[in-house]
Every structure is written in C-alpha cells, then in structure tokens.
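Please work through the exercises below with the sequence and the structure at hand. Try each task before you read its solution.

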Amino acid sequence: MNENKMSIRRKLNDFYGRDVYTSRLIIMLLVVLISMLILKPAKFFSFINFQTMVAQFPEFGLMSLGIMLCMITGGIDLSVVGVANLVSISSGIILKALVAADGSLPWYGILVSMICGIVIGLVAGVLNGILVAKFSIPPILATLGSYELFLGIGIILTKGKAISKLPMEYSSVIAGKLFGIIPVQLIIFVIMAGIISFLLSRTTYGTRIYMLGTNMKAAEFSGLDTTGLLIKTYALSGICSALGGLVMLANYNSARADYGAVYTLQCILIVVLGGVNPNGGKGRISGVVFSILVLQMLSSGLNMFPQISNFYKSLIWGCVLLIAMTLNYFSENRNRNN
Amino acid sequence: MMGKKMKGLLSKHEFYISLVIVLLCIMIEIRSGQFFTPNNLVDLSSALIVPGLFAIGAFMVIVSGGIDVSFPALASLSVYATTRILTDINYKGGILLPIVMVLVFGALLGAFNGFFIAKLKLPTMIITLGTSSVFKGIMQGVLNSTQIPNIPEGMKNFGTAALFVAKNEQLGLTSRMPVAVLVLIVAIGLAFFVLRYTMFGRAIYAIGGNETSAYRAGFNVGRTKFILYVIVGAVSSLAGLIRTCMMGQMHPTNMLGMEMMIIAGVVLGGVAITGGDGTLTGCMLGTILIVMVQNSLILLGVPTYWQEFFLGALIIVGTGISAMQVLRNRKRLVSKKLGEESS
C-alpha cells in the first residue's frame, strides 16, 4: 500500500520534472476550472461562454505566436500591438474607401483589405528584422522603437481619433461563425498555428532558428545565413500581428491607434508561461497554445466577477509573470544541478 | 597636437549630438523667432528637470547592462501613496517629510525590482515589464487611485517657488525658473561623482562591460545590482514628486508611458545599450534633445499628433547609430588583433 503510493508519487514527480511547463499549465487549468465549478458553474460551463472564449483569444493568440517565434531566436518582438493597430487602421481606411456609392461593399472588398493588411504587416516585420539583423540593434530596443513608430503612423493616419462606421460586411464575415458554430477568428488562428507548427517541426527553417537561438555565434560559424533567418522570423511575426489586427478590426468594428495596449504584457506572459526560454533556443508551439487557452479561461473567469476591476487584472498578469519567471529560474537551476 | 585633439573630438558621440542640438536650435529660431527668448529657455530648463532625473536612473541601469521600463509606474505609485497619506492626515508642514517619504517608498519598490534582478538573475526587461504592471495594478486597483486636486500646501509651495523670473519683452510672457532645478543639478553632480570616483560606480561600468569578468575581478555583482535598483527607485520617485509639486496636483496616470522617451534620450546620448559604455554628459545631451523635440514641435508648426512618430524615429536612429558604433569598435578590435573576440 505504502509502496504503491510512493511509486505514484514518484511517477507524478517524474512527469512534473520532464515537462515542468506543461505540468504547471495543467495545474493552473485545474485550479481555474475547479474554482469556476464552485463559484460560477452555470455561467462558466455554458456553450455560449466557450464559444465567446474561442472567438476572443485569436486576437492576442496570433500576436503571441509572433512573439514566440522571435523569442526562439533569442530576440523579442514588442511591436506586435503597434503592427496590429497600424494594420487594422489601414485596412479600415481601405475598406471605407472601397465602399461603393450606394453604400455596399464590392465582393472583393474584404479580400483586398485583408491582403493589404497582411502586406503592411509583412513590411513592418521586415523593417524590424532589418533593424535587428543588419544594424544589430538589440531586439528589445529595435522593436520598442518601431512600436513607437507604428503607433505614431497610426496616430497620424487617424489624427488621434477612432476609425468607425466601417461597412458591416467585413465584421459579419470575420467575426461570424462557420456553420453557425465555429467562429471564423478561431479558424484563422488554427490555420496560422498549423503553418507555424509545420515550419518549426518539419522544415529546415524551423531547425535553423532553434540553432540560431541556442548559439548565435555557433550558427554563424556553421554557415547559417543568420541575417536572412532573422528577417524571415520577424517578417513572420509581422504577418501574425497583422492577422491579429484584422481580427481586432472585426471584433470591435472600429480601429484606433491605442487599442489593446495591455496585450504586449499579456503576450509575453503567455509565451513565457508556455515554456519558451527568453534567451532563445527552447520552446514548443503546443505549450504556447495551451497557455493561451489557460489564460483566456482565467481572464473570462475574472470577467464574471464585476467587483474585480480591470485594474486588478494588470496586477494579476504582472504577478503571474513574475511567479512564472521565478519558477522557471528554480526549475532550470534544478536541471543544471542534475 | 591640434590635429590629434580635433580627431579625438570628432570621434566623440557627444560632439555630434551637440551639433544636432545646435542645428535644431537654429532651425527653430529661424522658423519661429521665439527660441532664444529668455522665457523659452527657462521653460525648456524647467521642462528638463523631471526627464533629467528619470534619465539619471535609466542611464545607470543601462550602463549596468540592464534596462528598466518600470520607473514611471514605480514613481507614480510611491508619489500617489505619499500624497494620499499626507492629504488624508491633513499635513501642513514643509517639503522635507514628503521627500523623505517618497524616497523610502521608492527605495522599497526599487528593492522589489532588485530582488528579482539581482538575487534571481532574471532578464531585467521582462521583470520590469511585470513589476510595472504590478505597480500600476496596486495603484489603480488596490489603492483605487483618483486624481488628487489639492496637494498639501508645502508641496505646492515647493513646486511654485522660483529661483528667478524670466520675461519676454516682446510678447509680455514670463516664466519662472523653479527651485527644483537645484535638485537636478545636485543629482547630476552626485551621479557624476559616484560613477567616476567610487567603487560602486566603477562596479556598475564593470558589470555592464562583462558580468563574468567583473565577478572574477572581485566585484560583488549581486549586491551592486540590488543597491543600484534601490537607488534608481528612490531617484525616480523623487522625480515623480517634483513633477506632482510643479503641476500642483496629482494625476496618477500622468507619468505612465514616459519610459520610452527617457530611454530614447539616454540611448541617443551615445550610451551603449549593451552596457558598460557611456557618459553622463551624453545622457544629459540626449535628454535635452528629446525634451527640445517635444517642446518645440509646436514652435515649428508641426501638429502634436506627429510627436509619437518623431519619437519612434529618434529611438530607431539613436539605437541604430549606437549599435553600429559597437559593431565598428568590435571590428576594429578584431582587425588590430587585440586579443580574442570579446563576449
């Protein structure tokens, strides 16, 4: 009996030790689910709530994927929210410009504005990549500077106001539901996550950025085109953010230069919790997707308590980030000692 | 001899940034004719006080190889707490008690940063992003911060006390030079002394240059970093207090978001973002440039919504130049075959 208990404990311990990040997320998930089961079972465990949650997370989920890619190379992309807002503003302007005289949007309108948005995201990402790879500006500063720049362009384009009165067609397609059940935002997220997962695990590009993140100098001396790889990675992150911006445009049905300011911290939190090492070289997309889901549940759960103001959320995100970083520190120390 | 001196001057970052400042002054003067008026110069220097103090803190952190984005949130929290307590007890005294209180709060919050960065050796950028969110959450959530329109008399008097008054004869405008400018001057003097002549100051440069070497050379890296973040917390909070005093009221969220502008100024001043290199003079010149751009866009007739764009462009250009210099120096070192590759 006692021996049996010991072996279960050892097994659990083994499992925890092998994949600390996933185990920690499972624990967090259980804590959130159990406390919601006790506090607000009917409201939380409803079909509508889950449908809303999967429609909400693609916004910052897409941006988190971009940050994840950059973090695997040992960098970071702090401009994701800036890119997303710039894209949603310019796509919004294009949409409005495409509206015909009778107030209807031509059939190609949505496609054109989305393609333009993605191209803008790509250009913004390439700019980040050039700053990081060619000018060797530390990624943190390069992307903080470009965030400010994109924010500035967004403010100039809108003169500081919001762009609203968009044609309804866009929002009803992107924020709509396929077969009346699956939110379109979720489909966009799943496609992008699938592409990135494929790139990371099945292509040489994926293997190379892990090598780059593990040891930049070694990667350079073994003949990798580090400049090209970095530019590609930041460009990919720009595309992710652009998609995030297009989803935001549909969700709010308006665009503004300063939407989603809290997302930067939230995305970093997601990526770090998902087990991506800020120093590069380590991290899997499954961990990041899992951590997106857990945080969305936590956030939706908190929203069900009106007495918890949004300001407390900033405190909670900050604390979770600090705790996660501290735990990572201890688990990495343990690995090193072993 | 003369030529050598010229060459030394031309290779200095401070020379170029001064050149840019002079050019900008002349440009604004030509466009508006209002730059070299006594009241504009006094206004500029009084606008420099708070960013200048913040910049000293940010500068020391960057030299030590870190980066701190939490100081505006930190300062907001400690100043808000101080002002709230003092107005609640109906404080009537002078400026001394508020200063002491804000320094203590600032040092405590700085120690919170320092714990994660120095003891646990976690990446400064991500940690300070986290702590800044925590500080904001405590201020707006737990303390339920609101605007405090009537700050204690002593604080208000300190904010409005003038060293002298400058007058613009042409337009009939007057500007006061606040007493608080003395705080900035003393702080610059102290920082200069500490960085140049004390073991602690040299340790900051050594750690920023190469942490492992600094450790091997016998510097106590952990303790130095911890003390550094405590000092930065105290200095930033003092800056926040001065800002509140000068405005005559406490806006809790008014300072948030200033971090980028300050870091941009420090980096524009030629301080290496990778740490270990940079002068206080350069840092101050960079801050002056940023403050001038912010204050003078209106004189130049540029709409204010262009400000963010210029700031971003300045950060990218500034960091770009600084990063290129690091790269060039490294190449030069390699070509001279002076030892192995660094880092």
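The exercises that follow go from one whole chain to a helix pair, a core and some single residues.

This is a predicted model, in which local features need pLDDT of at least 70 and side-chain atom pairs count only at pLDDT 80 or more, while totals for chains, interfaces and linings use all residues. Residues are numbered from 1 along each chain as its sequence is written, chains are lettered from A and ligands numbered from 1 in the order in which they are written, and side-chain values use heavy atoms, with hydrogens and water left out.

**Exercise 1. Chain A as a whole**

Work out how the radius of gyration of chain A stands to the globule rule.

Solution. Begin with the make-up of chain A, which has 16 helices and two strands; helices (H or I, at least four residues) and strands (E, at least two) are DSSP runs, numbered from the N terminus. The radius of gyration is taken over C-alpha atoms, and the globule rule is 2.2 Å times the number of residues to the power 0.38. For the 338 residues of chain A the rule gives 20 Å, and the radius of gyration is 21 Å, close to that value, so chain A is as compact as a globular protein of that length. Finally, buried residues make up 54% of the 338 residues in chain A, where buried means under 20% relative accessible area, exposed over 50%, and partly exposed in between (1.4 Å probe, protein chains only).

**Exercise 2. Two packed helices**

Decide how H4(A) and H5(A) are oriented to each other.

Solution. First take the geometry: helix H4 (residues 47-56) and helix H5 (residues 58-72) of chain A pack at an angle of about 40 degrees, with their axes 6 Å apart. The axes are lines fitted to C-alpha atoms, for helices over the stretch in contact, and angles run from 0 to 180 degrees between N-to-C directions. Next apply the classes: angles under 35 degrees count as roughly parallel, over 145 as roughly antiparallel, 65 to 115 as roughly perpendicular and the rest as oblique. H4(A) and H5(A) are therefore oblique to each other. The contact (heavy atoms within 4.5 Å) is made by Val54(A), Ala55(A) and Gln56(A) of H4(A) and by Pro58(A), Glu59(A) and Phe60(A) of H5(A).

**Exercise 3. The largest nonpolar core**

Find which helix gives the most residues to the largest nonpolar core.

Solution. A nonpolar core is a set of buried Ala, Val, Leu, Ile, Met, Phe, Trp, Tyr and Cys residues joined through side-chain atoms within 4.5 Å. The largest one has 203 residues, and those with the most contacts inside it include Met71(A), Ile268(A) and Phe54(B). Helix H3 (residues 38-63) of chain B gives the most to this core, with 15 residues.

**Exercise 4. Buried or exposed?**

Classify Ile67(A), Ser136(A) and Asn144(B) by accessibility.

Solution. Ile67(A), found in helix H5 of chain A, has a relative accessible area of 0% and is buried. Its C-alpha atom is separated by 8.9 Å from that of Tyr234(A), 167 residues apart along the chain. Ser136(A), in the loop between helix H7 (109-133) and helix H8 (139-158) of chain A, counts as partly exposed at 28% relative accessibility. Asn144(B), in the loop between helix H6 (124-142) and helix H7 (153-160) of chain B, counts as exposed at 55%. As a last step, look at the backbone: phi is near 40 degrees in Ser136(A) and about 50 degrees in Asn144(B). Most residues other than glycine have a negative phi.
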